[in-house]
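Reader: Please take one helix and go through it closely. I would like its buried and exposed sides, its cover and its surroundings.

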Amino acid sequence: MGCAGSRDKGDESSKKIRKPKAWKHSEPITRAQLMQMREEFWDTAPHYGGRKEIWDALRAAAEADLSLAQAIVDSAGVIVQNPDLTVCYDERGAKYELPKYVLSEPTNLIHDS
């Protein structure tokens, strides 16, 4: 097998991903507003640093179900600091912070009838 597990952080990168705890937006928002906020975040996030392919992987993971999200971050080499993906790192140590609104819906989302 060789030295595949030569990271001295132990099993930190294998934290099981979970959705963020329930959260509330400052004011009730519609699904359309939530989607707009997400679009703006993903459009601007890569400009703050980090690698585009990691941002792309994080977006794919954020929009996938949990088991697929786990596979995506594992294959991209993302080091998950917080199990809800709000703080991650790449192998070079660059930090990636994701707001809860790209990972789950607020409890006060307005459901269009």
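Author: What follows is a close look at helix H3 and the parts around it.

This is a predicted model, in which local features need pLDDT of at least 70, side-chain atom pairs count only at pLDDT 80 or more, and totals for chains, interfaces and linings use all residues. Residues are numbered from 1 along each chain as its sequence is written, and side-chain values use heavy atoms, with hydrogens and water left out.

Helix H3 spans residues 66–76. Helices (H or I, at least four residues) and strands (E, at least two) are DSSP runs, numbered from the N terminus. Ala69, Gln70, Ile72 and Val73 of H3 are buried. They cover an arc of only 165° around the axis, so they sit on the same side of H3. That arc is taken from the directions from the helix axis to the C-beta atoms. Ser67 and Ser75 are exposed on the other side of H3. Buried means under 20% relative accessible area, exposed over 50%, and partly exposed in between (1.4 Å probe, protein chains only).

The cover over the buried residues of H3 includes helix H2 (52–62) and strand S2 (79–80). Just after H3, Gly77 takes a positive phi of about 75°.

Lys15 also reaches H3. Leaving aside neighbours within four places in sequence, Lys15 is in contact with Gln70, Val80, Gln81 and Pro83. Contact means heavy atoms within 4.5 Å. Lys15 lies in the segment before strand S1 (29–30). Lys15 is partly exposed, at 27% relative accessible area. Lys15 and Ile79 are 64 residues apart in sequence, yet 8.8 Å apart in space, C-alpha to C-alpha.
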